[in-house]
Amino acid sequence: MIVEVALPVPMRGGFDYLLPEDHAQPTPGARVRVPFGSRQLVGVITAIKQNSDQPTDKLRRITALLDHKPVLSALMLDWLNWASRYYQHPVGDVISTALPARLRKGEPATSQQSFWRLTETGQALNSDSLKRAPQQQAIIERLRAGRCEDKILKQEFSAAIIRAVKEKQLIEATDDAYIPDTDWPARIKISGQLNANLEQSLAITAINNQAQGFHSFLLEGVTGSGKTEVYLQCIAPLLQQGKQILILVPEIGLTPQTVARFEQRFGIDVAVLHSGLTDKERLTVWQQAGLGETGIIIGTRSAIFTPLANPGMIIVDEEHDGSYKQQDGWRYHARDLAVVRARLENIPLILGSATPSLETLNNALTGKYQHLSLKQRAGGAKAVQHQVLDIKGQALDYGLAKGMQQRIRLHLQQGHQVMLFINRRGFAPALICHQCGHVEECHRCERSFTLHRQLNKLQCHHCGDAKIVPSRCAACGHPDLQPVGMGTEQLEHGIQRLFPQYTAMRIDSDSARGKQKLHGLLDEINQGNSQLLIGTQILAKGHHFPRVSLVVILDVDSALFSADYRAAEHLAQLITQVAGRAGRAQIQGELWLQTHNPGHPLLQDLLNNGYQHFARLALKERQFAALPPYSYQALFRSEAVNGNLAYDFLEQVKACLRQTDISLIGPLPALMEKRQGRYRMQLLLQSDKRTGIQQWLSNMMTRIEKLPLANKVRWSLDMDPMDFT
DNA sequence: CGGCGTATCAGT
DNA sequence: CTGATACGCCGG
């Protein structure tokens, strides 16, 4: 008999092994240890077959079968196989990403603990027949509540007592199969007031009506409209039926308060999965969920791989959040995997957001997802006032216009905090005329050119067209052409000089590395120790800053004219999230945007009509430009110390795909052209049919992997790329 | 990916 | 000739 095994090596396809005759019947999904070259690897059986397409004398035999019961169900295997094909990523690597590290290393999958339980005699025992042996009686009572782990029982009672009760055959050790503790549905006790306004009730009813079988919902609820309450009330009946709920949250949104809210409502423990867990803790959560011992599992991106014995629903909160996309190795999108998993598990899925991604919104508008809206804001939070400051021709100090400096000073003098947003650095920007705000555009695509200083060229990242950097503005003839956002990079250094009597603090993913550290910084902010807060997106995600009365987005143009067509969407999400949070309660909040183009249609639409309206307009633009979600993309990235190698490799990839109906844009320099001394290039594949890209790639990947340059450069394929840095 | 064989080179 | 490092190839 032959087994096909997925191994954690970057090679496509499974590997066939012989199974020794005397072995127990293996199941797909069980792990094996196998010889691979000169080493031993742990892999997962993906198929059992009678013959191999390899010559039999090449086959080696497995070293050991590690599991009696599969660690991955047939459904999970199907799902991961699908994912491997969809992302064109080696199946062994996909499976290995989906398993906890401990299982990857071949450690036992089932609990090794042994338990004590009552024998039948013990169960039948009259409660006062052991009156003269109170310790023994205590053990019996202890076990009447349920089995107890050997280790724990030995902590509570002396070994002699345990031995005595065992001799009487009242208790017995069970080291055979682990008996899952699945009593939690009986322990559910719903508490807290179940208030729901009309909108919330409508949403809850709509979801409850479709709670059997696969069905997708977009729950679009403005900040503070009570999405969580909808989740809580929707999952209640499912939990009571003993069905498990898997909830995904963004990396930064997983706070103890979130978890506490679920625990308080239902009175049962919530399992939490995040990057701070040890391998052991992660394995425990994984096992317990797989055995059906946990009702609610909340986790970040990788929690989507948690097995569920009795799945009831998947919720992806803040579905637009970028942290759901893995940015190295296997570049999966947890939200997209969730959709497919829910379909396979045949359970409902809720995608929740105040600012849904355009992909999701499009699915809702076309009826693929049921669209539920919460527009009413709970509580008496004052709406934030938006203001746009035109900075055309204005002198800027470190990116701040004079008028803005005065505004900031005013707020600081009132004892409030001011938050300044700058974009991430190092991106290739557009070229803007500081006098009239005109941006050089590609005539074919009507999209802004991107400045590549190293080449002294403007390049269109939509069609690949390029031209030499002009010396004068094409609209007004002024020579004051500047890269968008110029000066903002110096803000951090300059701000202290502009406002010497106040303290400035910078918060970005570097200074806030590690969850603990970020929460520490946030606490510090809310104590008011710093008055000026400088940060990037990270500041906007799900945190409240009651002392902040003024929020400034310095560099709106870099988002409006970015080569990354998602930048405007992300800016709109940022503005909306910030507006929903700054200066809640007593203080009237103000949001100021600096731009050369106050009349930009997307910006105007966002400010006048809100995110919902903006998103629909942005979708029209995407449709006009044939961009996602109206087309499908895949991105080859390559990097090498020698930039020519990176370029040549992508040229060869391009040649492989030339005979197809996929449009190929590039090779172009990445928006961050150079990183850690390596030149970075990209080749964008785009098609109006998803299957087109899929099929051509599955035919071509083996050939691409064999290209002579393929192991001279570092390269990867990114399906549905979200980030063009 | 990671191990192993072969090529290459400075140093004896 | 020897040991150290670099690179390419292979794995079922």
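**View 1. Packing of helix 21 against helix 22 in the predicted model.**
In this predicted model, helix 21 (residues 643-657) and helix 22 (residues 690-705) pack with their axes 10 Å apart and at an angle of about 135°. That angle makes helix 21 oblique to helix 22, since it falls short of the range over 145 degrees that counts as roughly antiparallel. The two helices cross in the right-handed sense. Helix 21 contributes Phe649, Val653, Cys656 and Leu657 to the contact, and helix 22 contributes Trp696, Leu697, Met700, Arg703 and Ile704. Sorted by class, the residues where helix 21 touches helix 22 comprise eight nonpolar, no polar and one charged.

**View 2. Packing of helix 19 against helix 20.**
Helix 19 spans residues 567-579 and helix 20 spans residues 601-624; their axes lie 10 Å apart and enclose an angle of about 150°. Helix 19 is therefore roughly antiparallel to helix 20, the limit for this term being an angle over 145 degrees. The crossing of helix 19 with helix 20 is left-handed. From helix 19, the residues Ala568, Glu569, Ala572, Gln573, Ile575 and Thr576 take part, meeting Leu602, Leu606, Tyr611, Phe614 and Arg622 of helix 20. The contact of helix 19 with helix 20 contains seven nonpolar residues, together with two polar and two charged ones.

**View 3. Packing of helix 10 against helix 11.**
An angle of about 45° and an axis separation of 11 Å describe the packing of helix 10 (residues 227-240) and helix 11 (residues 256-266). Helix 10 is accordingly oblique to helix 11. Their crossing is right-handed. On the helix 10 side, Thr228, Glu229, Leu232, Gln233, Ile235, Ala236 and Leu239 are in contact; on the helix 11 side, the partners are Arg261, Phe262, Arg265 and Phe266. The contact of helix 10 with helix 11 divides by class into six nonpolar, two polar and three charged residues.

**View 4. An open parallel sheet of six strands.**
The strands follow one another in the order 17-31-30-20-29-28, and their pairing is parallel. Strand 17 (385-390) and strand 28 (504-507) occupy the edges; each has a single partner strand, so one side of each has no neighbour in the sheet. From one strand to the next, the twist averages 20°. At one edge, strand 17 pairs with strand 31 (residues 590-595) in the parallel sense over six bridges. Within the sheet, Gln387 stands opposite Trp592 of strand 31.

**View 5. The cysteines of two annotated binding sites.**
Under "binding site", an unreviewed UniProt entry lists Cys442, Cys445, Cys460 and Cys463. These cysteines are spread over 22 residues of sequence but cluster in space, with a largest C-alpha distance of 8.7 Å. One of them, Cys442, is located in strand 22 (residues 441-442). The unreviewed UniProt entry also places a "binding site" feature at Cys433, Cys436, Cys473 and Cys476. This set spans 44 residues in sequence, yet no two of its C-alpha atoms are more than 8.6 Å apart, so the four positions gather at one spot. Cys436 of this set is found in the loop between strand 21 (431-433) and strand 22.

**View 6. Backbone conformation at Pro629 and Glu318.**
Pro628 and Pro629 are joined by a cis peptide bond, with omega of about 5°. Pro629 belongs to the loop between helix 20 and strand 32 (632-640). Elsewhere in the chain, Glu318 has a phi near 50°, a positive value in a residue other than glycine. Glu318 is placed in the loop between strand 14 (311-317) and helix 13 (334-345).

**View 7. The region annotated as a helicase ATP-binding domain.**
According to an unreviewed UniProt entry, the annotation "domain: Helicase ATP-binding" covers residues 208-374. Over these residues the chain is 36% helix and 23% strand, and the C-alpha atoms at the two ends are 16 Å apart.

Methods. Residues numbered from 1 in each chain as written. Chains lettered and ligands numbered in written order. Predicted model: local features only at pLDDT ≥ 70, side-chain atom pairs only at ≥ 80, totals over all residues. Heavy atoms only, no water. UniProt positions renumbered as here; feature names shortened; annotations may be inferred. Helix = DSSP H or I, 4+ residues; strand = E, 2+ residues; numbered from the N terminus. Axes fitted to C-alpha atoms, helices over the stretch in contact; angles between N-to-C directions. Parallel < 35°, antiparallel > 145°, perpendicular 65-115°, else oblique. Left-handed = near helix turned anticlockwise from the far one by under 90°. Contact = heavy atoms within 4.5 Å. Nonpolar A, V, L, I, M, F, W, Y, C, P; charged D, E, K, R; others polar. Pairing = 2+ DSSP bridges.
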